[in-house]
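Me: Please take a close look at one part of this structure with me. Pick a starting residue, then follow the surroundings step by step. I am a first-year student, and plain words would help.

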Amino acid sequence: MLKKIINYYRIDEWYSSKIPLAMAMLLYACRDADPTLSDQQFLSSFLFFFLFWVCFFAFNYLFNDYADLEKDRKAGKVKVIQSVPPKVTLLNLCLLLIISIVLCLVFFLDRPLVAVVAVFSYLLGMAYSAKGIRLKECGVIGVIECSFAQRNTPILILLVMVPVKPIAAICWMCIVFINGLRYILVHQLLDKENDKKVGIQTLVTSHDLPYKQLIVIFWVIELVLLVVLFKGTLFTAAG
């Protein structure tokens, strides 16, 4: 049962690649941007972001599977979502969205901008695979949009809450964006043959580029930027 739930929400595909980096950045922001933060405030922020990001990533991966349900069947993919009634999946998607909005209102009732950014994050995430839009089939634009939607927009909520120097915020956003580019290229490479079978035109299926080399380059850039951040010279209180 537990394994089916993990596969249904594809938790094993996003938890290790997204949550640790996001939570590490939260720790840096809370520690260095606001050293006067109380334990209660820190725990509250930590709990909110962990729950929000879990719901957000689960929603995005589940929605992608829902949008590609028929294409995945034609490609011969076997997924747990195929054995779940579509109405149940739609209900789960709605619940994940509602939970995220409720979290924003409960934890940050005095900051409506947090909820606005949260909704914006979900809309961008849906645009990647939603019928009629499907930015995943728009080549470079799709890769850029996916990385920004899944990595940068959730981090924007943190930047709204925690004041950091502009250069720190820029460096931070670059790290998660490049990390997103790296993982979406890996994802498209893994799905290349199946996508070709059903005519899905992603960047990888449409253009012959040195993707493995690009992935390594992105990884090196991430490491360099992380070293800069670990030095602790950027994360000081804004102003």
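Reply: Let's begin with C171, which counts as buried because its relative accessibility is 9% (buried means under 20% relative accessible area, exposed over 50%, and partly exposed in between, using a 1.4 Å probe and protein chains only). Before we go on, please keep in mind that this is a predicted model: local features need pLDDT of at least 70, side-chain atom pairs count only at pLDDT 80 or more, and totals for chains, interfaces and linings use all residues. Residues are numbered from 1 along each chain as its sequence is written, and side-chain values use heavy atoms, with hydrogens and water left out.

Now for the cysteines. A disulfide is a covalent bond between the sulfur atoms of two cysteines. Here the test is a pair of cysteine sulfur atoms within 2.5 Å. How many disulfides does a search of the whole structure find? The count is 0. C171 has its closest cysteine sulfur in C174, but at 6.6 Å that is too far for a bond. For C104, the closest cysteine sulfur belongs to C55, and 10 Å is again too far for a bond. C104 is buried as well, with 1% relative accessibility.

C55 leads us to the helices, since it is one of the residues through which α3 meets α6. Helices are DSSP runs of H or I with at least four residues, strands are runs of E with at least two, and both are numbered from the N terminus. Helix α3 spans residues 39–67, and its axis lies 9 Å from that of α6 at an angle of about 25 degrees. For such values, axes are lines fitted to C-alpha atoms, for helices over the stretch in contact, and angles run from 0 to 180 degrees between N-to-C directions. Angles under 35 degrees count as roughly parallel, over 145 as roughly antiparallel, 65 to 115 as roughly perpendicular, and the rest as oblique. That is why α3 and α6 are called roughly parallel. The α3 side of this contact includes F48, F52 and F56, while the α6 side includes V114, A118 and S121 (contact means heavy atoms within 4.5 Å). By class, the contact of α3 with α6 has 10 nonpolar, 3 polar and no charged residues. In this sorting, Ala, Val, Leu, Ile, Met, Phe, Trp, Tyr, Cys and Pro are nonpolar, Asp, Glu, Lys and Arg are charged, and the others, Gly among them, are polar.

Let's pause at S121, which sits in helix α6, residues 112–127. Is S121 buried or exposed? S121 is buried, because its relative accessibility is 0%. Setting aside residues up to four places away in sequence, S121 touches F56, A149, T153 and P154.

A149, T153 and P154 carry us on to α7, where they are among the residues that meet α6. The axes of α6 and α7 come within 8 Å and cross at roughly 175 degrees, and therefore these helices are roughly antiparallel. On the α6 side, L113, V117 and L124 also take part, along with F148, I157 and V160 among the α7 partners. The contact of α6 with α7 has 14 nonpolar, 3 polar and 1 charged residues.

F148 also belongs to the contact between α7 and α8. Helix α7 covers residues 140–161 and helix α8 covers residues 166–190; their axes come within 8 Å and cross at roughly 145 degrees. Among the residues of this contact are C146, R151 and L159 from α7, and W172, N179 and Y183 from α8. The residues of the contact of α7 with α8 divide into 16 nonpolar, 5 polar and 1 charged.

N179 gives us one last step, to E222 in helix α11, residues 211–230. Apart from neighbours within four places in sequence, E222 is in contact with I175, I178, N179 and R182. E222 counts as buried because its relative accessibility is 5%.

Finally, look back at the loop between α6 and α7, where you will find R134. Phi of R134 is near 40 degrees, a positive value in a residue other than glycine. R134 is buried too, at 11% relative accessibility.
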